[in-house]
Amino acid sequence: MKQEKEIINGLKRLAKTVRPDQKWVEKNQAYLLAYFKENFPYQKGNFIFYLKPALVSLFIISLLSIGSFTVLAETKKSLPGSPLYSLKRAYEKIILKLVPQEEKPLMRTEIVGKRLEEVKVLAQNVEFKDSEVPFPVKKATEELKKEIISLKKEIAIKKGEKISDDLADLPIRDNRKIVEVIVQEDLEKLLAETKEKIKEKNFIAALEKINEVEKILTETEEEEVLPLQELEEKNQELEEKEKEAPPLPVVQPSLKTDSNLEKENNFKIDLIKE
Amino acid sequence: MLRIQEKILLYRARKGDQSAFARLCDYYREKIYQYVYFRIPDQEKTEDLLSEIFTKVLDYLIKGNEIKNFRAFLYQTARNIIVDFYREKNKHEISLDEISELEIKEEKDPAKEFDLKLDLVKIEKALRRIPDRYREVIVLRYINELPFKEIAKITGENPTSLRQLVHRGLKLVKKYLQTDVTK
C-alpha cells in the first residue's frame, strides 16, 4: 500500500515534467486560428454580440426597478390594516431621521396631513355599525392625535417652548360626532395654514394654528354630549327631583346693620346646615 | 476553469469568436498532450495527433453542433484518434485475459525493498510496459487528475471497474519497477 502511494506520487511528479514544447504550442495556436478564420469567418463589427450580456443585465435591472417602483407606489397609497402600511410608516420614520432639523416641522406637517387623509378615506369607506367606530378608524384617529402632538412639540422647540402632552383622550361618548369633527374641512385648512407658517419660519403663528387644531379636536371634551334617549331620561329624573325637594326660602334684602349682618351670617349658616 | 466559464466560451466560439476557442484550447492543451504522450509508443507523433484532435473539435463546432461537456468531448475525440492510430500501426495489445494468467508475485523479502522516490524515467518506462487499458485509466487519474466520475464519461466504464483497473495497473507498474531494479 505504501509502495502504491509512492508510485502515485511518482506519477504526479512525472506529470509536471511532461509538457509540450513552447514553440510547437505557438505554431499550433496560429494554425488553429487560421483554420478557424478560414472556415468560420469572424463577425467583425457585430458589437451587439458583445452587448448581449450587458443588454440582458440591463433588462433584468429595469424589471426589478419597475417592480420596486410599483411596490413603492402601492406603499404610499396604503391605509391602516394593509400589509404595506407598516412599510409606509417605517419609510416616513426613516425620512424624518434623514431630514435636517430645520425641515422637520414641515415634514411632520405633511405626515399629519397624510394621517388626516387616511382617517378621511377610512371614514368614507368603512361601514359604521350601531354608531360604533370601527377599529381601523379608531386606530387612524389615535395616530392622527399622536402626530399632532409630535408636530406641536416640534414647532414649540423652534419657538423655544416646552409642551406637554395635553391633548388628552377625548371622551368617547358619541363616537360619530368625534369622527365628524375630525373630518372637518376646517382642520385641513388649518393644517395647510400651519404648513405655510412653518415654511415662512413663523413658528409663533404656526403654534397658534396648531393650538386651533387642538381646540377643534378638544371641543367635544367641554360639552357633555349624550345620545338623545339618555338626555331625555336625565331630564325626567331632574324634574322629579325638583318636584320632591321643598322650595328654597326667599330672602328679602335688608339694611346691613351689625345685627342684620350677624343675622345674615347666621342665616347663611342655617342654609348650609340644611 | 469553472463550468459556467467553459459554457460561455463555447457559446462564443460557436458564434464565431476565435479568441474564445483559443482560450479553450490553451486551457486543455497540456492535459491532452500528457494523455496522448503516455498512450502512444511513438512520442514524436504526439504533436501531430494533438493538432488533429483540436482540428476535429473545431470542425465539429463549425458544423454548428453543440458540445455539452467540452472536456469529455475532447478526451473522447483523443481516444478515437489514438484507436485509429493503433489500427493503422497494427499494434498488438495484451488482452485482459492474458494479464490474469500472469503470476504477479509480490516481493516478500524486506531486504529487497526498493526506493521508488528516485527515477521518474523508470516510472515512465514501467508505465509504458503495462497494457494500454490500465495505462489509460492511470494517466487520466494520476497525471490528468480527473475524478472517476469524469473518467467514466470518457471511457464508458463504470467507476467500480475503473478503480479495479487502476489497482491492477499500479500492481503491474510496481512489478515492472521491481524487475527493473533487480536487473
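Start by selecting Tyr33(B): at 8% relative accessibility, this residue counts as buried. Keep in mind as you click around that the model is predicted.

**Stop 1: the ring pair across the chains**

With Tyr33(B) still on screen, add Trp24(A). Trp24(A) also counts as buried, at 11% relative accessibility. Over all chains there are 10 aromatic pairs, and here is one of them: the ring centres of Trp24(A) and Tyr33(B) sit 6.4 Å apart with the planes at 45°, so the pair is tilted. Now colour by chain. Trp24(A) belongs to helix α2 of chain A and Tyr33(B) to helix α2 of chain B, residues 18–39, so this pair joins two chains.

Widen the selection to take in Tyr37(B) and Phe38(B). Together with Trp24(A) and Tyr33(B), they make up a cluster linked by ring pairs.

**Stop 2: a ring pair inside chain B**

Next, pick Tyr60(B) and Phe73(B). This aromatic pair is tilted as well, at 4.6 Å from centre to centre and 35° between the planes. Trace the backbone from one ring to the other: Tyr60(B) is in helix α3 (residues 45–62) and Phe73(B) in helix α4 (residues 70–89) of chain B, so the pair ties together parts that are 13 residues apart in sequence. Switch on a surface and check each partner in turn. Tyr60(B) is partly exposed, with a relative accessible area of 31%, whereas Phe73(B) is buried at 18%.

**Stop 3: the whole interface**

Zoom out and select everything in chain A that touches chain B, and the other way round. You should pick up 33 residues from chain A and 45 residues from chain B. How much area is buried between chain A and chain B? About 3,800 Å², with carbon and sulfur atoms giving 68% of that.

Turn on polar contacts between the chains. At pLDDT 80 or more for both residues, 8 residue pairs are in polar contact between chain A and chain B. As for salt bridges between chain A and chain B, the count is 1. To find it, show the side chains of Glu30(B) and Arg19(A), which meet in a salt bridge with an N to O distance of 3.3 Å.

Now hide chain B and look at the face it leaves behind on chain A. Which elements give two or more residues to this side? They are α1 (2–17), α2 (22–39) and α3 (47–77) of chain A. The top contributor is α1(A), with 12 residues. Colour that side of chain A by residue class and you'll get 18 nonpolar, 7 polar and 8 charged residues.

**Stop 4: a buried lysine in chain A**

Stay on chain A and jump to Lys152(A), in helix α6 (residues 135–159). Is Lys152(A) buried or exposed? At 7% relative accessibility, Lys152(A) counts as buried. Add Asn211(A) to the view: its side chain and that of Lys152(A) make a polar contact at 3.3 Å.

**Stop 5: chain A from end to end**

Finish with chain A as a cartoon, coloured from the N terminus on. There are 11 helices and 0 strands to follow, so to speak a run of α elements from beginning to end. Of the 274 residues in chain A, 29% count as buried. If you draw a contact map, take the contacts in chain A with a separation of 6 or more: residues 24 or more positions apart account for 65% of them.

Key
Residues are numbered from 1 along each chain as its sequence is written. Chains are lettered from A and ligands numbered from 1 in the order in which they are written. This is a predicted model: local features need pLDDT of at least 70, side-chain atom pairs count only at pLDDT 80 or more; totals for chains, interfaces and linings use all residues. Side-chain values use heavy atoms; hydrogens and water are left out. Contact means heavy atoms within 4.5 Å. Buried area is the accessible area (1.4 Å probe) that two parts lose on being put together, summed over both. A salt bridge is a side-chain nitrogen of Lys or Arg within 4 Å of a carboxyl oxygen of Asp or Glu. A polar contact is a pair of N or O atoms within 3.5 Å; within protein, one must be able to donate a hydrogen and the other to accept it, and residues adjacent in sequence count only if both atoms are side-chain atoms. Helices (H or I, at least four residues) and strands (E, at least two) are DSSP runs, numbered from the N terminus. Ala, Val, Leu, Ile, Met, Phe, Trp, Tyr, Cys and Pro count as nonpolar, Asp, Glu, Lys and Arg as charged, and the others, Gly among them, as polar. Rings of Phe, Tyr and Trp (its six-membered ring) pair if their centres lie within 6.5 Å; planes under 30 degrees apart count as stacked, over 60 as edge-to-face and the rest as tilted. Buried means under 20% relative accessible area, exposed over 50%, partly exposed in between (1.4 Å probe, protein chains only).
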